[in-house]
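I sat down with this one and a cup of coffee, and these are my notes. I kept them short so that a colleague can follow along at the bench.

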Amino acid sequence: MMADFDQEQEDFLRERHVRFFQRCLHVLPERYAPYETSRFFRLKTNLISKLNCSSRAVQYVMCVPVSPQGPGAPHPYDSGHVAMTYTGLACLLILGDDLSRVCRDACLSGLRALQLEDGSFYAVPEGSENDMRFVYCAACICFMLDDWSGMDRQRAIDYIRRSTSYDSGIGQGSGLESHGGSTFCAVASLCMMGKLQEVFSERELKRIRRWCILRQQNGFHGRPNKPVDTCYSFWVGATLQLLDVFQYTNFQKNRSYILSTQDRLVGGFAKWPDSHPDPLHTYFGLCGLSLMGEAELRKVHPALNISERAFESLRQLHGSWRQKSS
């Protein structure tokens, strides 16, 4: 299928996207500056370029201390956050850090305190929304730290099962509408646990695959009767990759939609054509292209949502930790 659109390769404005992220590494547009995860998407430019991310970036992540109560407590009103912990660990891996300064026990202890009786997770100790997003973040943290003591996996699995809807998609929680993002979070979490085939029968997996494949129009959308959106080229595309059927989607239509959202003047990708680019949709647009094997893009790990290069570094760390513990 790649051969179908090799002739369109020149349409991918790689160098402009590199420059877009280089600018973002120094300054963000005002509307994105308050969102801490924007740093994560900026660092993820390692999919397209070996940008000079100096040790200052590692120092920035590590300057948020890890207390016995969990990650991050610079003052009483800024407690640890499960999504920030996931993105912080991912940033360190992307930057080549060995995680030796991360207090793994504190992270896992803090994570356990965030899990609720129904298996879901709060984002912060004070209480917050609790849904599939934070189940996924918790699974990523446990996977990266190579220690599943941070969560009760059976409770999390039960939560995922209860969140499966009548149409075989998966919602943010029990009784909620199926959604491409929460379906990814659920499937990726189970893959990292090594439980996907155990939790869902083959018949159920086929139904989930069908629900995801039906999300493609030209690009992908997250719910029926919603417009396509660049980021779902990853959320739904990665889910289909994890379910071993991504190759049955229409790569050419998906690629054409993603490229229609790139800003040809300043670089970056937007949610929709003719709208403003931002770091989040730029990153997920690149991920969508990476899943399809776009030239000049590093491969993305579909479950952990980092580059395969960073994932290989993590595997080496895991091997080193296990050797020391034995």
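**Ground rules**

I call a residue buried under 20% relative accessible area, exposed over 50%, and partly exposed in between, with a 1.4 Å probe and protein chains only. I am working on a predicted model, where local features need pLDDT of at least 70 and side-chain atom pairs count only at pLDDT 80 or more, while totals for chains, interfaces and linings use all residues. Residues are numbered from 1 along each chain as its sequence is written, and side-chain values use heavy atoms, with hydrogens and water left out.

**Entry 1: Thr183**

I began with Thr183, which is buried, with a relative accessible area of 0%. I found Thr183 in helix H8, residues 180–193. For helices I take DSSP runs of H or I with at least four residues (strands would be E, at least two), numbered from the N terminus.

Next I asked which backbone atoms lie by the polar side-chain atoms of Thr183. The backbone oxygen of His179 is 2.7 Å from a polar atom of that side chain, and the backbone nitrogen of Ile170 is 3.0 Å from one. I count a polar contact as a pair of N or O atoms within 3.5 Å; within protein, one must be able to donate a hydrogen and the other to accept it, and residues adjacent in sequence count only if both atoms are side-chain atoms.

I then listed what Thr183 touches, contact meaning heavy atoms within 4.5 Å. Not counting residues up to four places away in sequence, Thr183 touches Gly169, Ile170, Ile208, Trp211, Cys212 and Thr239. Ile170 therefore turns up twice in my notes on this buried threonine, once through its backbone nitrogen and once in the contact list.

**Entry 2: Ser233**

I moved on to Ser233, in helix H11. Ser233 is buried too, at 0% relative accessible area. Leaving aside neighbours within four places in sequence, I have Ser233 in contact with Phe220, Ala238, Asn254, Ile258, Gly288 and Leu291.

**Entry 3: helix H4 and what follows**

How many of the 13 residues of H4 are buried? I get 12, so I noted the helix as mostly covered. Among the buried ones are Val82, Tyr86, Cys91 and Ile94.

I also checked the length of H4: it reaches 18 Å from its first C-alpha to its last, close to the 18 Å expected at 1.5 Å a residue. That expected span is 1.5 Å times one less than the number of residues.

Just after H4, I saw that Gly96 takes a positive phi of about 85 degrees. Leu99 has a positive phi as well, near 65 degrees, and is not a glycine. I placed Leu99 in the loop between helix H4 (82–94) and helix H5 (104–114), where it counts as buried at 1% relative accessibility.

**Entry 4: two more loop residues**

Asp244 also caught my eye, with a positive phi of about 65 degrees although it is not a glycine. Asp244 lies in the loop between helix H11 (232–242) and H12. Is Asp244 buried or exposed? At 53% relative accessibility, Asp244 counts as exposed.

Pro277 sits in the loop between helix H12 (251–260) and helix H13 (279–291), and at 11% relative accessibility I count it as buried. From Pro277 to Val266 I have 11 residues in sequence and 8.7 Å in space, C-alpha to C-alpha.

**Entry 5: salt bridges**

I tallied 15 salt bridges in the structure, each a side-chain nitrogen of Lys or Arg within 4 Å of a carboxyl oxygen of Asp or Glu.

- Arg133 and Glu129 meet at 3.0 Å, N to O; Arg133 is partly exposed at 33%, whereas Glu129 is exposed at 53%.
- Glu202 pairs with Arg209, their closest N and O atoms being 2.8 Å apart; Glu202 is partly exposed at 39%, and Arg209 is buried at 13%.
- Lys271 and Asp229 meet at 4.0 Å, N to O. Lys271 is in the loop between H12 and H13 and Asp229 in the loop between helix H10 (202–213) and H11, so this pair ties together parts that are 42 residues apart in sequence. Lys271 is partly exposed at 32%, while Asp229 is buried at 5%.
- Arg14, Glu15 and Glu296 are linked in a salt-bridge network.
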